[in-house]
Amino acid sequence: MAIQKNTSVSRRRFVGVVLAAAGALFLLLTGRIVRRGRVLRRRRTVVLPASLPEGISFHDGVIAVRHGERLTLLAARCTHLGCTLEAAGDGTIRCPCHGSRFDERGRVLQGPATQPLERLSWHRDRQGRPVVNL
Ligand code: FES
């Protein structure tokens, strides 16, 4: 009879240890996820060259579209699931992940994305370089 009681206590202790370890692992992993989320949301500044090429060019997460003196800056992040966009080679912008396409104004030409690209507000620094905060 005493042996059965000890076995029962051992099982309870074992289950308790397993649950405590699972809880500690859960807290550890969610803590990392939260920390990564903070890092991803941290703002950063991108400074573009003062003289940008005519048409579409890509600069560290920013798409610059210049036509003469008119300059538009777009986020180089797909509005479907956030992949980094690239030049399609035909004057459009393409997502390498699922094939969405955007025109140089950021409008959707082809899904699965349904939302246009984010237009970024920017200013010029003293050297005349476009500066954007992402
Ligand atoms: S993330 Fe760009 S099309 Fe899916």
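User: How do you know that E54 and R66 meet in a salt bridge?

Analyst: This is a predicted model, and in it the nitrogen-to-oxygen distance between the side chains of E54 and R66 comes out at 3.4 Å. The cut-off is within 4 Å for a side-chain nitrogen of Lys or Arg and a carboxyl oxygen of Asp or Glu, so the pair qualifies. E54 sits in the loop between β1 and β2 while R66 belongs to strand β3, so the contact ties together parts 12 residues apart in sequence.

User: What makes E54 and R66 buried, exposed or something in between?

Analyst: Buried needs under 20% and exposed over 50%. E54 has 49% relative accessibility, so it counts as partly exposed. R66, at 22%, is partly exposed too.

User: Why is R44 with D60 called a salt bridge?

Analyst: Their closest N and O atoms are 3.0 Å apart, and the limit is within 4 Å, so the name fits. The two residues are 16 apart and come from distant parts of the chain: R44 is in the loop between α1 and β1, D60 in the loop between β2 and β3. R44 has a relative accessible area of 36%, so it is partly exposed. D60 reaches 54%, which puts it over the 50% mark and makes it exposed.

User: How many salt bridges are there, and what about R129?

Analyst: The structure holds 5. One of them joins R129 to D125, with the closest N and O atoms 2.8 Å apart. That is within 4 Å, so it passes. R129 itself is partly exposed, at 32% relative accessible area.

User: Why is P130 called buried?

Analyst: Its relative accessible area is 0%, and buried means under 20%, so there's no argument about the label. P130 is found in strand β10, residues 130–133. Leaving aside neighbours within four places in sequence, its contacts include V46, V47, L48, L71, L73 and W122. L52 is another of the contacts; the C-alpha atoms of P130 and L52 are 9.4 Å apart, although 78 residues separate them in sequence.

User: How do you know which strands β10 pairs with?

Analyst: Pairing takes at least two bridges. β10 shares 3 bridges with β1 (residues 45–47), running antiparallel, so that pair clears the bar. T45 has N133 as its bridge partner in β10. β9 (residues 122–124) also pairs with β10 in the antiparallel sense, over 3 bridges, and there H123 stands opposite V131. The hairpin of β9 and β10 has 5 residues between the strands, and G128 takes a positive phi near 80° in it.

User: What makes β2 and β4 edge strands?

Analyst: The order of this open sheet of 3 strands is β2-β3-β4, with antiparallel pairing. β2 (55–59) and β4 (70–75) each pair on one side only, and that puts them at the edges. On average, neighbouring strands here are turned by 25° against each other, direction ignored. β2 is joined to β3 (residues 62–67) by 5 bridges, with S57 partnered by A64.

User: Why do β5 and β8 stand at the edges of their sheet?

Analyst: This open sheet has 4 strands in the order β5-β6-β7-β8, paired antiparallel. β5 (86–87) and β8 (108–110) each have a single partner strand, so one side of each lacks a neighbour in the sheet. For β8 that partner is β7 (residues 101–102), over 2 bridges. The cut-off is at least two, so the pairing counts. F102 has V108 as its bridge partner in β8.

User: What makes F14, V15, V18 and L19 a nonpolar patch?

Analyst: Patch members need over 30% relative accessible area and no salt bridge, with nonpolar side chains joined within 5 Å. V18 shows how the area test works: it has 40%, so it gets past 30% while counting as partly exposed. V18 lies in helix α1, residues 2–41. Together the four residues have about 400 Å² of accessible area on the surface.

User: What does the protein chain add up to?

Analyst: The secondary structure comes to 1 helix and 10 strands. Of the 134 residues, 25% are buried. The protein chain exposes about 9,700 Å², and carbon and sulfur atoms supply 55% of that.

Methods:
Residues numbered from 1 in each chain as written. Predicted model: local features only at pLDDT ≥ 70, side-chain atom pairs only at ≥ 80, totals over all residues. Heavy atoms only, no water. Patch = residues over 30% accessible without salt bridge, like charges linked within 9 Å, V, L, I, M, F, W, Y side chains within 5 Å. Areas by Shrake-Rupley, 256 points an atom, 1.4 Å probe, with all protein chains shown as cover. Buried < 20%, exposed > 50% of the residue type's maximum accessible area, 1.4 Å probe, protein only. Axes fitted to C-alpha atoms, helices over the stretch in contact; angles between N-to-C directions. Contact = heavy atoms within 4.5 Å.
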